[in-house]
2 protein chains.
Amino acid sequence: MGTRQEISALPPEADLARADSLAREIFSDVANKWAFLIIEFLGQRTMRFTELRNEVGGISHKMLTQNLRMLERNGLVERTIHPTVPPRVEYTLTEAGEGLRAVVDGMCGWTQRYLGHIESSRSSFRDPAG
Amino acid sequence: MGTRQEISALPPEADLARADSLAREIFSDVANKWAFLIIEFLGQRTMRFTELRNEVGGISHKMLTQNLRMLERNGLVERTIHPTVPPRVEYTLTEAGEGLRAVVDGMCGWTQRYLGHIESSRSSFRDPAG
DNA sequence: CCGAATCCTATACGATACTG
DNA sequence: CAGTATCGTATAGGATTCGG
């Protein structure tokens with residue numbers, strides 16, 4: 001009992017409330033800036049490494065590699081190696097990755113909608129510490 | 001021209017594609033583990049500092065303070081100080097914060113739905129580096 | 001072209017101690 | 001109780017170099 005496979009009547013967010021350790025681990029992995037940007041851009045189409053790097057912009061070679069490995073490990077991204085010279089490696093979202101993409105899209109929409117609010121909140125904010 | 005206030009016919013995610021620097025900055029601030037967890041739990045109800053710390057779990061005093069300041073600066077969280085002894089400080093989501101909460105809820109749902117997929121992908125994953 | 005390894009710096013983060 | 005400051009360590013992250 002208490003396994004992931006149980007069918008639960010609780011709302012999705014209750015899982016975090018129950019301090020589910022795997023769910024939290026996934027949050028830690030996936031809820032970060034680079035992962036979100038990668039998911040967002042890969043959602044547009046399959047891309048090669050360098051192409052993706054250019055699209056995301058501002059990400060180092062190393063960070064892109066690390067994040068792609070992490071996303072691959074979690075089954076959100078699939079890596080296809082074409083054994084040509086020079087090698088051609090393509091990255092695609094899996095079904096799970098597409099599901100996350102919907103979430104990221106939601107965040108993009110949210111950002112758009114509240115951009116003005118956030119901007120004005122920032123300019124009027126005074127840190128209590130001074 | 002080119003300001004935030006323009007009405008755009010493009011889909012929300014196109015903003016990131018245009019490398020909008022403010023939108024990216026917001027992504028960097030908000031798309032992180034602690035911010036998401038805080039938003040998620042604060043969405044359930046208004047809470048005091050220590051109460052929230054217990055709910056989130058595993059977050060240090062310092063990190064909670066830092067993230068709450070950041071969320072306040074961006075107008076996602078409102079801080080109310082009751083001038084009593086000892087001080088009572090309550091945190092609540094703003095309307096923008098509630099909007100983001102919907103996104104985080106979406107991610108909780110996604111996590112639930114793909115937990116099994118992720119778990120099995122993890123166990124079969126072999127790092128190409130060995 | 002893609003990726004691993006190395007080196008180095010900046011920041012994240014935790015622990016602790018102090019203030020109103 | 002809530003917050004700040006300071007210190008120490010760990011990890012994130014960039015630049016570069018080498019290899020398949």
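**Figure 1. Helix 5 of chain A gives the most residues to the surface near DNA strand C.** Its share is 4 residues. The model shown is predicted. In all, 19 residues surround DNA strand C. The closest are A:Thr50, A:His61 and A:Tyr91 from chain A, with B:Ser60 and B:Lys62 from chain B. Of the strand C atoms that come within 4 Å of the protein, 66% belong to sugar and phosphate. Sorted by class, the surface near the strand holds 9 nonpolar residues, 5 polar ones and 5 charged ones.

**Figure 2. Three residues of chain A place N or O atoms beside DNA strand C**. A:His61 points to a base: a polar atom of its side chain lies 2.8 Å from a base nitrogen of the strand. A:Tyr91 pairs with the backbone of the DNA instead. A polar atom of the A:Tyr91 side chain lies 2.8 Å from a phosphate oxygen. A:Phe49 uses its own backbone, with an N or O atom 3.3 Å from a phosphate oxygen of strand C. Several elements give two or more residues to this surface. In chain A they are helix 4 (49-56), helix 5 (61-73) and strand 3 (88-93). In chain B, helix 5 (61-73) does so.

**Figure 3. A:Glu90 sits in strand 3 of chain A**. A:Glu90 counts as partly exposed because its relative accessibility is 21%, and the cut-off for buried is under 20%. Its side chain makes a polar contact with the side chain of A:Arg88, at 3.4 Å. Beyond its neighbours within four places in sequence, A:Glu90 is in contact with A:Thr46, A:Met47 and A:Arg48. A:Glu78, A:Arg79, A:Thr80 and A:His82 complete that list. A:Lys33 serves as a distant reference point. A:Lys33 and A:Glu90 are 57 residues apart in sequence, and their C-alpha atoms are 22 Å apart in space.

**Figure 4. Chains A and B are related as by a two-fold rotation axis**. A turn of 180° with a shift of 0.0 Å along the axis lays chain B on chain A. The RMSD is 0.0 Å. Which residue of chain B comes closest to the rotation axis? B:Asn32 does, with its C-alpha at 2.3 Å. Both copies use the same surface: 100% of the contact residues of chain B recur in chain A.

Methods
Residues are numbered from 1 along each chain as its sequence is written. Chains are lettered from A and ligands numbered from 1 in the order in which they are written. This is a predicted model: local features need pLDDT of at least 70, side-chain atom pairs count only at pLDDT 80 or more; totals for chains, interfaces and linings use all residues. Side-chain values use heavy atoms; hydrogens and water are left out. A residue is near a molecule or strand if one of its heavy atoms lies within 4 Å of it. A polar contact is a pair of N or O atoms within 3.5 Å; within protein, one must be able to donate a hydrogen and the other to accept it, and residues adjacent in sequence count only if both atoms are side-chain atoms. Ala, Val, Leu, Ile, Met, Phe, Trp, Tyr, Cys and Pro count as nonpolar, Asp, Glu, Lys and Arg as charged, and the others, Gly among them, as polar. Buried means under 20% relative accessible area, exposed over 50%, partly exposed in between (1.4 Å probe, protein chains only). Contact means heavy atoms within 4.5 Å. Copies are superposed by least squares on the C-alpha atoms of residues with pLDDT of at least 70 in both.
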